[in-house]
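Reader: Could you walk me through this protein chain? I would like to ask about its surface, its interior and its cysteines.

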Amino acid sequence: MSFSTLVKDELCRVELHNETCCMKSEIFGVILTGNLFSNEKNNRSIKMVTENAAFARRIYSTVRKVYGISPEVAIRRSSRLKKHVSYSVIFASMQLINKMLYDFGISAFSDKNNPAKKTLRKVCCKKSFLRAAFLSGGSISDPEKTYHLEISTRNCFCAELIRELLQEYGINVKIIVRKGNYVAYIKEGENIVDFLNIIGAHGALMELENVRILKDMRNSVNRIVNCETANLEKTVNASVRQMENIRFIRSSIGLDKLPENLVEIANLRLEYSEASLKELGEMLHPRLGKSGVNHRLRKLDEIADQLRDNLKRNTAK
């Protein structure tokens with residue numbers, strides 16, 4: 001079962017606080033998001049299609065409670081995929097259609113469709129509308145893979161209304177056109193969590209938060225490991241370079257030609273190749289800090305470089 005299905009199953013169990021206004025807001029969201037109007041002669045209807053049986057039952061019972069009329073329900077099985085089932089909730093009664101269109105100010109069977117916002121005056125109604133919009137045309141990616149939530153609709157006004165409502169909660173929503181549909185989408189994990197909280201998917205919200213925490217922890221661990229690995233590699237490379245320079249000085253002029261403090265650190269580096277600067281400094285008498293040890297080793301590097309330059313010049317002559 002996909003994460004989207006889990007979220008929608010939970011939303012279908014959300015109880016409405018104010019039955020009349022919130023139920024109408026859900027119906028408004030379903031109709032406006034789906035916008036499946038048939039304008040055939042003598043066969044005007046509104047049809048909502050879903051693969052979620054719980055959502056189909058919710059819409060059926062909600063319409064029946066609010067308007068006292070039962071819509072038609074059709075079940076269709078795919079001829080190719082026997083397990084694939086879709087449910088159609090059809091509002092074919094002109095009495096029902098006229099009541100809904102009057103409530104929502106929708107011109108369903110004309111080219112212009114600019115619904116009234118009077119249905120969404122209350123906060124609870126706005127949440128119910130957004131919940132229905134997601135149930136009807138929404139989807140959410142598996143948070144283990146990526147953070148992406150979208151609501152697809154054929155109605156430009158609906159996409160803009162969704163963005164306007166969510167902006168009131170500080171949620172960043174963008175709209176794109178995809179295959180003739182208007183898609184309002186959210187990419188940030190924190191905004192998706194806020195959206196799930198608004199529409200009442202608290203169980204899915206907790207699961208998403210757990211995934212976010214685990215992913216953040218993994219990312220933090222990876223950053224620490226990568227940093228430690230880089231530091232270790234840097235330390236090893238520096239140690240190898242220092243030992244090569246010390247051996248070159250010893251074979252060229254001998255370490256006894258160096259100042260006593262450089263001889264001491266050179267012998268320690270040759271003997272303890274894997275020791276850190278701090279550990280080398282603690283072996284010196286008197287002890288020396290990391291910066292002091294690094295200064296002496298850099299002096300050895302400079303001496304080795306000078307000897308190599310002299311050798312090249314002599315060879316060239």
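Reader: Which residues make the nonpolar surface patch of about 290 Å²?

Author: This is a predicted model, in which local features need pLDDT of at least 70, side-chain atom pairs count only at pLDDT 80 or more, and totals for chains, interfaces and linings use all residues. Residues are numbered from 1 along each chain as its sequence is written, and side-chain values use heavy atoms, with hydrogens and water left out. The patch is made by Ile-213, Leu-214 and Met-217, where a patch consists of residues with over 30% relative accessible area and no salt bridge, with like charges joined within 9 Å and nonpolar side chains (Val, Leu, Ile, Met, Phe, Trp, Tyr) within 5 Å. A salt bridge here is a side-chain nitrogen of Lys or Arg within 4 Å of a carboxyl oxygen of Asp or Glu, and accessible areas come from the Shrake-Rupley method with a 1.4 Å probe, for which only the protein chains shown count as cover of residues.

Reader: Where does Met-217 lie?

Author: Met-217 belongs to helix α8, which covers residues 202–252; helices (H or I, at least four residues) and strands (E, at least two) are DSSP runs numbered from the N terminus. The protein chain has eleven helices and eight strands.

Reader: Now the interior: how many residues are in the largest nonpolar core?

Author: That core has 59 residues, and Phe-129, Phe-195 and Leu-196 have the most contacts inside it. A nonpolar core is a set of buried Ala, Val, Leu, Ile, Met, Phe, Trp, Tyr and Cys residues joined through side-chain atoms within 4.5 Å, and buried means under 20% relative accessible area, exposed over 50%, and partly exposed in between (1.4 Å probe, protein chains only). A second, separate core of 21 residues includes Ile-246, Ala-275, Val-293 and Ala-304.

Reader: And what is Phe-195 in contact with, beyond its neighbours within four places in sequence?

Author: Its partners are Leu-130, Phe-134, Leu-149, Ile-151, Leu-166, Ile-171 and Ile-186, with contact meaning heavy atoms within 4.5 Å. Phe-195 is also one of the buried residues of α7, a helix of residues 189–199 in which eight of the eleven residues are buried. After α7 comes Gly-200, whose phi is positive, near 95 degrees.

Reader: Is Ala-266 buried or exposed?

Author: Ala-266 is buried, at a relative accessible area of 0%, and it is found in helix α9, residues 260–271. Leaving aside neighbours within four places in sequence, Ala-266 is in contact with Ile-246, Leu-255 and Leu-300. Its C-alpha atom is separated by 8.8 Å from that of Arg-296, 30 residues apart along the chain.

Reader: Changing topic, how many disulfides are there?

Author: The count comes to zero disulfides, taking a disulfide as a pair of cysteine sulfur atoms within 2.5 Å. For Cys-124, the nearest cysteine sulfur is that of Cys-22, 3.5 Å away, and Cys-124 itself is partly exposed at 23% relative accessibility. Cys-156 is in no disulfide either, with the sulfur of Cys-158 the nearest at 9.8 Å.

Reader: Back to the backbone for a moment: which peptide bond is cis?

Author: The bond from His-285 to Pro-286 is cis, with omega near 0 degrees, and Pro-286 sits in the loop between α10 (277–283) and α11 (290–316). On another backbone point, Lys-179 has a positive phi of about 55 degrees although it is not a glycine. Lys-179 is placed in the loop between β7 (174–178) and β8 (181–186), and it is exposed, with a relative accessible area of 82%.
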